[in-house]
Amino acid sequence: MNIAIKLGTLELKTPIVCASGTFGYGYELKGLADFKSIGAIIAKTVTLEPRAGNPEPRIFETECGVLNSVGLENPGLESFIKDKLPLMDKLSCRRIVSIGGFSIEEYESCLKKLQAHSSIDAFEINLSCPNLRLKKMVSQDATATRQVVGALRKLTQKPLFIKITPEVTDITEIAKAAQDAGADAISLVNTFFSMSINIETGKPHLGNIYGGYSGRAIKPLALYRVWCVARCVKIPVIAGGGIEDASGAIEFFLAGARAVSLGTINLVYPDAAREILKGIKGYLRRKKINDINELHDTLPQM
Ligand SMILES: Cc1cc2nc3c(=O)[nH]c(=O)nc-3n(C[C@H](O)[C@H](O)[C@H](O)COP(=O)(O)O)c2cc1C
């Protein structure tokens, strides 16, 4: 049975990727996760300068999801290259580096400096962090999305995946702008704006007041947006939001995804990819499908 897939020119041995911010830099999970089941890991978003992140508390768990306002805490590009990248190099799956920024120039600087590193298989450009108190995220604006992706496209031959926010009126417009500017794949969804209040103290549960919502509760919301995007772009879609088991992942494939991303589930069950891949294989066997790509190519018209 073939379970390898392609995202642009990048082949992944399995269609499962670990989403940015929920799997560290991968090496921390050695011994806890089955890297044979993981096609790629997407490292925590890195920015040009180090970031301390938002005030604590930064994570609040609800009945069926998680609010976070981590605020892109990361050691900054220089330290990432010196301390993290060499350890990622040893992972037996594809390595995708996620880049964040506050201007086109910052995205460009990061990409230029990372571009030369042969251990990086692809870039995910994070245009969608919800808890940075920006007036607007780049992927809330089709023109800005086109500009950033176009500028970065000129700088690299490596695959460029563009991560977009679900917090827009028409997500297909943003996905098409990224595609037209040269993206190799669209990655969605990032988290939804959210907040929660402690009624005894009268204060929000997150130090940043609001944050991004992820996990089980967002799955139907994410699935709808993935279906909308997959129907309107020709490039592959890396899809996730609330996937916790194989049937959740299969729903995303049936909605048009080429690869599925596991996020919040990694926080509670870092070996989720193993079970989910086992379940996907079982499903393909039961449906007498020999190649996961066939599942995608023979989608019923919805
Ligand atoms: C604690 C936490 C930190 C995250 N950090 C990042 C990040 O640095 N960059 C990014 O693109 N997405 C980040 N995300 C979003 C996830 O990658 C994913 O897109 C989102 O959580 C939806 O998937 P899920 O419901 O499976 O978690 C973060 C999510 C969580 C829960």
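**Exercise 1. Find which residues Thr-165 touches, leaving out residues up to four places away in sequence, and decide whether Thr-165 is buried or exposed.**

Start with the contacts: beyond its sequence neighbours up to four places away, Thr-165 touches Ser-128, Pro-130, Met-137, Ser-139, Gln-140 and Asn-190. Keep in mind that we're working on a predicted model here.

Next, place the residue. Thr-165 sits in the loop that runs between strand S9 (160–163) and helix H4 (171–180).

Now pick one of those partners and check the spacing. Ser-139 is 26 residues from Thr-165 in sequence, yet their C-alpha atoms are 6.1 Å apart in space.

Last step, the burial call. The cut-off for buried is 20 or more other C-beta atoms within 10 Å. Thr-165 has 25 C-beta neighbours inside 10 Å, so it counts as buried.

**Exercise 2. Do the burial call again for Arg-231, and say which helix holds it.**

First, the helix: Arg-231 belongs to H5, which covers residues 219–232.

Then the count. A residue with 12 or fewer neighbours would be exposed and one with 20 or more buried, with partly exposed in between. Arg-231 has 14 C-beta neighbours inside 10 Å and therefore counts as partly exposed.

For a spatial reference point, take Ala-255: 24 residues separate it from Arg-231 in sequence, and the C-alpha to C-alpha distance is 8.7 Å.

**Exercise 3. Work out the strand order of the barrel, then look at how S7 and S8 pair.**

Trace the strands around: eight of them close up in the order S3-S4-S7-S8-S9-S10-S15-S16, with parallel pairing. On average, neighbouring strands in this sheet are turned by 25° against each other, ignoring direction.

Zoom in on one pair. S7 (residues 94–99) and S8 (residues 122–126) run parallel and are joined by four bridges. Within that pair, Val-97 of S7 faces Phe-123 in S8.

Finally, add the helix. H2 (residues 104–115) packs on the sheet, where it touches S7 and S8, and its direction makes about 155° with that of S7.

**Exercise 4. Map the open sheet and its hairpin.**

Begin with the order: four strands line up as S5-S6-S14-S11, and the pairing is antiparallel. The edges are S5 and S11 (192–195), each of which pairs on one side only. Neighbouring strands here are turned by 35° against each other on average, again with direction ignored.

Now the hairpin. Two residues link S5 to S6. S5 (residues 59–62) and S6 (residues 65–68) run antiparallel and share four bridges. You can read off the register from two facing pairs: Phe-60 is opposite Leu-67, and Thr-62 is opposite Gly-65.

**Exercise 5. Which residues in the largest nonpolar core touch the most other members, and which residues does Ile-162 contact?**

Take the core as a whole: it has 86 residues, and those touching the most other members are Ile-41, Phe-161, Ile-162, Ile-186, Val-226, Phe-252 and Ala-257. Helix H8 (residues 272–286) supplies the largest share, six residues.

Then follow Ile-162. Setting aside residues up to four places away in sequence, its contacts are Ile-125, Leu-127, Val-149, Ala-178, Ala-183, Ile-186 and Ser-187.

For background, nonpolar side chains tend to be buried together in soluble globular proteins.

**Exercise 6. Describe the residues around the ligand.**

Count the shell first: 26 residues surround the ligand, and the closest are Ala-19, Gly-21, Ser-214, Gly-263 and Thr-264.

Then sort the shell by class, which gives eight nonpolar, 16 polar and two charged residues.

Terms used: Residues are numbered from 1 along each chain as its sequence is written. This is a predicted model: local features need pLDDT of at least 70, side-chain atom pairs count only at pLDDT 80 or more; totals for chains, interfaces and linings use all residues. A nonpolar core is a set of buried Ala, Val, Leu, Ile, Met, Phe, Trp, Tyr and Cys residues joined through C-beta atoms within 7 Å. Two residues are in contact if their C-beta atoms, placed from the backbone, lie within 7 Å. Two strands pair if DSSP finds at least two bridges between them. Axes are lines fitted to C-alpha atoms, for helices over the stretch in contact, and angles run from 0 to 180 degrees between N-to-C directions. A residue is near a molecule or strand if its C-beta atom, placed from the backbone, lies within 6 Å of it. Ala, Val, Leu, Ile, Met, Phe, Trp, Tyr, Cys and Pro count as nonpolar, Asp, Glu, Lys and Arg as charged, and the others, Gly among them, as polar.
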